[in-house]
There are 2 protein chains.
Amino acid sequence: MIGPVFDAAALQAYLRTRIPLAAAMQLEVLAADAEAVRIGVPLAPNTNQHGTAFGGSVATLAMLTAWSLLHVRLQAAGIPNQLVIQRGCVEYERPIAGAFSARSSLRAAADWPPFVNGLRRRGKARIAVRVALEYEGATAARFDGEFVALGAGTSPRRST
Amino acid sequence: MIGPVFDAAALQAYLRTRIPLAAAMQLEVLAADAEAVRIGVPLAPNTNQHGTAFGGSVATLAMLTAWSLLHVRLQAAGIPNQLVIQRGCVEYERPIAGAFSARSSLRAAADWPPFVNGLRRRGKARIAVRVALEYEGATAARFDGEFVALGAGTSPRRST
């Protein structure tokens, strides 16, 4: 749909090299293409005091997986940009007792064309991303995030 | 109001020892009492790829600061419990370019008595906590979280 598939290994290296918390979480990019990004983490560096998944790790993994989907799609579309998170909400549905992963997708596929058009024309556009956190084949938490993309040449701000 | 002031150093040691991500973030408990908990972090372990504060670190610090307030108050009240986060939302308002901190408070002081009564009577109660993320003396992000406390003897679940 939007050209080349992004390199999962390159995305993983980018995240782990540039974001210390992503390295500390030992995240592994399992898949990265235009439809979805999947990133997994082992439990050990992401536990709480009870040996289950730490809510902060769940939220951070979700946010990174959401950000990565927009990053991958904008890279594939050849649009220089900077992505800024504006809002992120996590609903924790059940405990996670082992390695877990996150899968991001656009809230609606139809959101993409106006998002790209807005970014190209006005240098700024907004879009929503959803993430399902998965443990043992079932959804354990959900994330909804809203991001703003700024066109190249806009002054740097927070990015993920 | 609710007895002894909790030891900030003990809280910091607890968080850093039990939660690997809290150690990776190098969090420092600045204050811990019944009215508010304040926790700070340096920027270096909490940056993104642009050298500003990583949104995942912001969300995680907020969540830990919210959890800590309930933990401190329940400890001071002598009520054995387990705290489970159910929902957490972060609004990112402006970029953070240096060390930052979080300050948690109850959404409403009047929520506390029914929360404690519910926990004592039914072994389960729900409460909302607000957190302001502060950078250079101004609010840079806001967090709203909802937690469930389970009484002692309830089976362990996710805790932060």
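The exercises below work through a predicted model of two chains, A and B.

**Exercise 1. The build of chain A**

Determine how many helices and strands chain A has, in what order they come, and how compact the chain is.

Solution. Start with the count: chain A holds four helices and six strands. Next, take them in sequence order, which gives the pattern α-α-β-β-α-β-β-α-β-β. Then turn to compactness. The radius of gyration of chain A is 15 Å, and the globule rule gives 15 Å for 160 residues, so chain A is as compact as a globular protein of that length. The C-alpha trace of chain A spans about 50 × 30 × 30 Å along its principal axes. Of the 160 residues in chain A, 42% are buried. Finally, look at how far apart in sequence the contacting residues are: among contacts between residues at least 6 apart, 70% join residues at least 24 apart.

**Exercise 2. Strand 4 of chain A and its partners**

Find which strands of chain A pair with strand 4, and decide whether strand 4 is largely enclosed or open.

Solution. Take strand 2 (residues 37-41) to begin with: this strand and strand 4 of chain A pair in the antiparallel sense over five bridges. One bridge in this pairing links A:Ile39 to A:Ala102 in strand 4. Now take strand 5 (residues 124-135), which is joined to strand 4 by six bridges and also runs antiparallel to strand 4. Here A:Ser105 has A:Arg130 in strand 5 as its bridge partner. For the last part, count the buried residues. Strand 4 (residues 100-106) has seven residues and five of them are buried, so strand 4 is largely enclosed by the rest of the structure.

**Exercise 3. A residue of strand 1**

Place A:Leu30 in its strand, classify its exposure, and list its contacts beyond four places in sequence.

Solution. A:Leu30 belongs to strand 1 (residues 28-32) of chain A. Exposure follows from the number of C-beta neighbours inside 10 Å: A:Leu30 has 15, so it counts as partly exposed. The cut-offs behind this are 20 or more for buried and 12 or fewer for exposed. Leaving out residues up to four places away in sequence, A:Leu30 touches A:Arg38, A:Ile39, A:Gly40 and A:Ser101. A:Arg87 lies 57 residues from A:Leu30 along the chain, and their C-alpha atoms are separated by 25 Å.

**Exercise 4. Two positive phi angles**

Locate A:Gln26 and A:Glu136, give the phi value of each, and classify their exposure.

Solution. A:Gln26 sits in the loop between helix 2 (20-24) and strand 1 of chain A. Its phi is positive, about 60°, although A:Gln26 is not a glycine. With 14 other C-beta atoms within 10 Å, A:Gln26 is partly exposed. A:Glu136 sits in the loop between strand 5 and strand 6 (138-151) of chain A. Phi of A:Glu136 is also positive, near 50°. A:Glu136 has 11 other C-beta atoms within 10 Å and is exposed.

**Exercise 5. How the two chains meet**

Describe the relation between the two copies, then the side of chain B that touches chain A.

Solution. First superpose the copies. A turn of 180° with a shift of 0.0 Å along the axis lays chain B on chain A with an RMSD of 0.0 Å. The two copies are thus related as by a two-fold rotation axis. Within chain B, B:Cys89 comes closest to the rotation axis, at 2.0 Å (C-alpha).

Second, examine the interface. Here 36 residues of chain B are in contact with 36 residues of chain A. On the chain B side, two or more residues come from each of helix 2 (20-24), helix 3 (55-76) and strand 3 (81-92). Strand 3 of chain B gives the most, with eight residues. By class, this side of chain B has 17 nonpolar, 14 polar and five charged residues. Also, 100% of the interface residues of chain B are interface residues in chain A, so the copies meet through the same surface.

Third, look at the strands across the interface. Strand 3 of chain A and strand 3 of chain B run antiparallel and are joined by five bridges. One pair of bridge partners is A:Arg87 and B:Glu91.

**Exercise 6. The nonpolar core**

Name the residues with the most contacts inside the largest nonpolar core, and follow one of them.

Solution. The largest nonpolar core has 94 residues, and those with the most contacts inside it are A:Val58, A:Leu61, A:Ala62, B:Val58, B:Leu61 and B:Ala62. In soluble globular proteins, nonpolar side chains tend to be buried together. Follow B:Leu61: beyond its neighbours within four places in sequence, B:Leu61 is in contact with B:Met25, B:Leu27, B:Ile39, B:Val41 and B:Ala102.

Terms used
Residues numbered from 1 in each chain as written. Chains lettered and ligands numbered in written order. Predicted model: local features only at pLDDT ≥ 70, side-chain atom pairs only at ≥ 80, totals over all residues. Contact = placed C-beta atoms within 7 Å. Nonpolar A, V, L, I, M, F, W, Y, C, P; charged D, E, K, R; others polar. Pairing = 2+ DSSP bridges. Core = buried A, V, L, I, M, F, W, Y, C linked by C-beta atoms within 7 Å. Rg over C-alpha atoms; globule rule 2.2 N^0.38 Å. Least-squares fit on C-alpha atoms with pLDDT ≥ 70 in both.
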